[in-house]
Amino acid sequence: MGKKVKKEGESPPKDVLDPLLIESKTAATVVLMLSSPEEEVLAKACDSLYKFASKGDENKATLLGLGAVEQLYKLISHEDPTVRRNAIMVFGIMASNYDVKKLLRELDVTNSLISHLVPEEDVVIHEFATLCLAYMAVEYTTKVQIFEQGGLEPLIRLLGSPDPDVQKNSVECIYLLVQDFQSRAAVRELNIIPPLLELLKSEYPEFSDLHVEALAVLGNCLEDVHTLQLIQQSGGLRKLLSFVGDSTIPDIQKNAAKAITKAAYDSENRNILNEEEVEKCLINLLETDNDGVKVAASQAISAMCANSASKRAFGLQGIPQLVQLLSSDNEEVKEAAVTVLVNLTAASPSNASAVAEAEGIEPLLNTLYAQRDGAIANAATVLTNLAMQEPLRVNIQSHGIMSVLAEPLRSTNNQVQSKAAFAVTVFGCDADARTELRKAGGLGPLVELLHSKNEEVRRNACWAVMICASDELTAVELCRLGALDILEEINLSISRKNNFSKAALEKLLDNNLSQKYSQMGYLSSNNIITDGFYDCGQIKRGMKFSSLEELSMQALTDRRAIIFINAKPQEEQASPPGEEKAHDSSHEQTILSPSISRKSSREKTRKGKGKKEEEKSKEVIQILSAVQDEINLQNTQWLPPPDLILLDYINDASKTILPLTTTREQVVALAQGIIDATDSGIHWNRFVADKMGGPIERDKLNFSWELHISEIEFELKCNVVPIGKVKKGTFYHRALLFKAIADRIGIGCSLVRGKYNRAWNEVKLVDDSPQGITGLLLPPREYIVDLMFEPGRLIKEGSVEADQYKHI
């Protein structure tokens with residue numbers, strides 16, 4: 001082979017070997033030399049291969065293909081120290097290649113490498129043997145091999161090597177090994193802590209990687225209580241915290257925080273860390289400029305919060321810094337900080353107050369718009385923790401929490417959905433907050449969460465609906481959005497129903513009595529009929545329940561009339577702007593549509609213009625008229641006309657029936673009437689039955705009332721009829737009127753719908769004590785009030801007569 005002549009200043013090509021004593025420029029030739037019996041040739045060949053492999057992964061693959069690994073494996077135990085050293089150097093540098101590592105495992109080289117970690121061997125052998133082991137220890141099977149072949153003890157001993165590369169390779173290999181439980185337990189028994197702490201004493205900047213690896217190993221060791229106690233007793237824990245506090249290297253600070261986090265998962269460890277005032281160290285780390293350190297420190301604080309003393313300490317010293325981190329541009333930092341605040345404010349009123357004092361409410365609300373789901377969910381949780389205190393809840397509501405929650409409710413993340421729904425339950429106890437959520441469009445996504453397959457999301461959504469249904473407007477809107485049908489479906493499912501689904505359904509209906517009566521056919525004595533209630537008959541499951549306004553706008557039909565209740569005096573009703581209040585002394589009423597109202601408003605506006613207005617140009621007048629039309633259109637709100645006849649009924653009942661001494665007397669009087677003696681004489685005050693056509697003979701039930709109702713509808717040009725207009729009513733008209741008046745004057749009664757236009761009222765009355773027995777308190781019994789055949793007669797529930805009244 002000829003000697004290669006190199007030009008001055010020319011770098012050797014990447015794929016060309018450095019000259020040997022026997023010159024060669026091909027790797028294959030040098031690999032063949034590994035079979036030479038001459039030690040000098042072997043040493044030189046290994047040295048050349050080391051330099052060749054150092055030039056890149058491609059060259060390592062080339063040597064692998066030429067069979068160099070198998071040849072080198074024979075030489076790492078060569079009796080000549082130089083050959084042995086150079087061969088191990090090649091092994092160490094080649095082990096970074098994946099395919100080489102695979103072959104090394106097959107050759108089981110770990111045992112041979114471990115045997116060279118003895119003190120008698122050259123430090124270079126230590127360096128490259130530990131480097132090779134560190135490369136290989138990333139695989140689980142190799143970790144097991146190193147552990148079973150006794151590799152931990154020599155590796156720990158080499159932590160005290162004078163060579164920093166040996167130290168670094170050894171600690172890196174140990175770090176990989178201690179991720180396995182068996183190795184972790186073994187290193188503690190081998191007293192690894194003192195040499196690890198010694199590694200942290202180095203003041204040289206280039207040793208920062210060494211410090212990082214040492215801290216990583218410490219983190220795994222600190223999980224053991226006994227090990228942490230030993231470190232504390234030797235003063236090592238204090239030294240460790242001091243080292244972290246003095247360091248300005250982010251990786252060191254981050255790994256130290258991670259080590260503390262691992263240790264803090266155990267309650268006894270938390271006590272030890274608290275005794276060494278770890279809180280000061282972690283709070284200081286929050287103020288670094290490195291986001292990774294802030295995240296790691298926050299995670300450590302979260303873990304330490306399980307210790308009550310630490311929780312108090314962080315509350316006193318760390319909350320302002322954490323609140324400040326909520327405004328970080330780094331989403332991971334933001335999430336880590338708000339997670340800490342969840343733990344700090346849970347069951348801690350003082351810490352919750354501290355968050356508010358640190359002006360944390362607004363940043364928390366802003367965090368509900370964060371990009372990370374964890375940050376959003378935790379921000380909602382912190383706000384609910386704060387809301388446990390009434391002043392803080394009011395403060396948060398004043399910042400518009402419900403409007404902000406509308407967006408998290410639309411999230412696709414279960415955790416965000418659950419926490420947002422729960423926040424609605426907390427803040428929804430305020431009527432203004434419910435209105436805010438409704439106006440922000442939050443009820444729609446809330447109702448959608450009822451469909452969730454996630455049990456927690458579904459439960460919290462049911463809970464939130466129950467809370468939001470506390471007022472009529474919100475309950476009506478929830479029903480319009482389909483909440484009622486979904487809840488009914490949930491309650492039919494054994495697996496999907498929960499503690500709140502039934503309560504939500506009942507609450508929803510109790511604040512939307514028109515739909516409850518239409519759907520359930522029953523109103524209890526606690527369901528008080530108020531102005532705006534209407535009976536549109538039994539609605540079939542799945543059919544849309546229309547509002548009174550929608551029904552009033554429909555064209556006249558031959559379907560059953562809608563009977564509504566509205567005894568509010570006319571002057572109390574809010575009229576649309578510009579609309580005059582019409583007084584009808586004869587109590588005759590008409591349903592006013594918005595279009596008519598707007599027209600009359602425009603006419604009045606035009607009539608009210610003065611001479612100056614008339615002198616304006618036609619164009620200006622048209623513009624003003626158009627603007628006024630738009631204003632009227634926006635402000636007009638449809639309202640049912642007042643039922644002044646019903647108002648008179650209620651006033652009369654209040655004057656004559658309320659003074660009666662017993663509920664029984666009041667019930668009978670309301671059904672049939674009462675004799676009223678005044679200065680002007682004695683006269684009969686007739687009530688429900690007589691106002692609806694009087695008694696009806698059982699065998700003469702007819703349908704004359706239908707013609708009467710149709711005439712009213714035709715007169716009003718509308719399907720919606722005020723109950724005061726009805727003078728000939730059957731069962732369901734009379735029962736509705738009875739309950740409407742009874743509810744106003746404080747007589748408890750229910751309203752039950754039957755079949756074939758039947759309906760009746762049930763009351764609970766206490767019977768008199770049996771003759772000869774005094775002082776006996778009897779339980780109340782249910783009675784049906786006869787309003788048709790013998791008005792005022794009380795029929796015991798469950799009797800044959802009661803059954804006849806309901807069905808015959």
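**Close-up views of a predicted, mostly helical-and-strand model****Figure 1. The whole protein at a glance.** The accessible surface of the protein adds up to about 38900 Å² (Shrake-Rupley method, 1.4 Å probe; for residues, only the protein chains shown count as cover), and carbon and sulfur atoms account for 50% of that surface. Keep in mind that this is a predicted model, so local features need pLDDT of at least 70, side-chain atom pairs count only at pLDDT 80 or more, and totals for chains, interfaces and linings use all residues. Residues are numbered from 1 along each chain as its sequence is written, and side-chain values use heavy atoms, with hydrogens and water left out. Of the 808 residues in the protein, 52% are buried (under 20% relative accessible area; exposed is over 50%, partly exposed in between; 1.4 Å probe, protein chains only). You will find 46 helices and 10 strands (DSSP runs numbered from the N terminus: helices are H or I with at least four residues, strands are E with at least two). Take the contacts (heavy atoms within 4.5 Å) between residues at least 6 apart in sequence: 66% of them join residues at least 24 apart.

**Figure 2. Where to go easy on the details.** Mean pLDDT (the predictor's confidence in each residue, from 0 to 100) is 86 for the protein, and 86% of the residues reach 70 or more. Residues 1–10 stay under 50 in pLDDT, and the model has eight contacts beyond four places in sequence for them. Residues 20–24 also stay under 50, with 14 contacts beyond four places in sequence. Where pLDDT is low, don't read the predicted coordinates in detail.

**Figure 3. Helix H15 and its two sides.** Helix H15 covers residues 225–233, and its buried residues are Val225, Thr227, Leu228, Ile231 and Gln232. Looking down the axis of H15, these buried residues fall within an arc of 160° (taken from the directions from the helix axis to the C-beta atoms), so they line one face of the helix. On the face turned away from that buried side sit the exposed residues His226, Leu230 and Gln233. Just after H15 comes Gly235, with a positive phi of about 85°.

**Figure 4. A three-stranded open sheet.** The strands line up in the order S2-S3-S6, with mixed pairing (two strands pair if DSSP finds at least two bridges between them). S2 (534–535) and S6 (720–722) are the edge strands, each pairing on one side only. S2 runs antiparallel to S3 (residues 562–564), and two bridges join them. Here Tyr534 stands opposite Phe564 in S3.

**Figure 5. The S7–S8 hairpin.** Strands S7 (residues 750–753) and S8 pair in the antiparallel sense over four bridges, and Val752 has Trp760 in S8 as its bridge partner. Five residues lie between the two strands of this hairpin, and Tyr756 in the turn has a positive phi of about 55°. From S7, Ser750 and Val752 point one way while Leu751 and Arg753 point the other way, and all are buried. In a regular strand, side chains alternate between the two faces of the sheet.

**Figure 6. Neighbours of the hairpin strands.** S8 (residues 759–765) is mostly covered, with six of its seven residues buried. Five bridges join S8 to the antiparallel strand S9 (residues 781–785), where Tyr783 is the bridge partner of Val763. S7 also has an antiparallel link, through two bridges, to strand S1 (residues 522–523), and Leu523 stands opposite Leu751 in S7.
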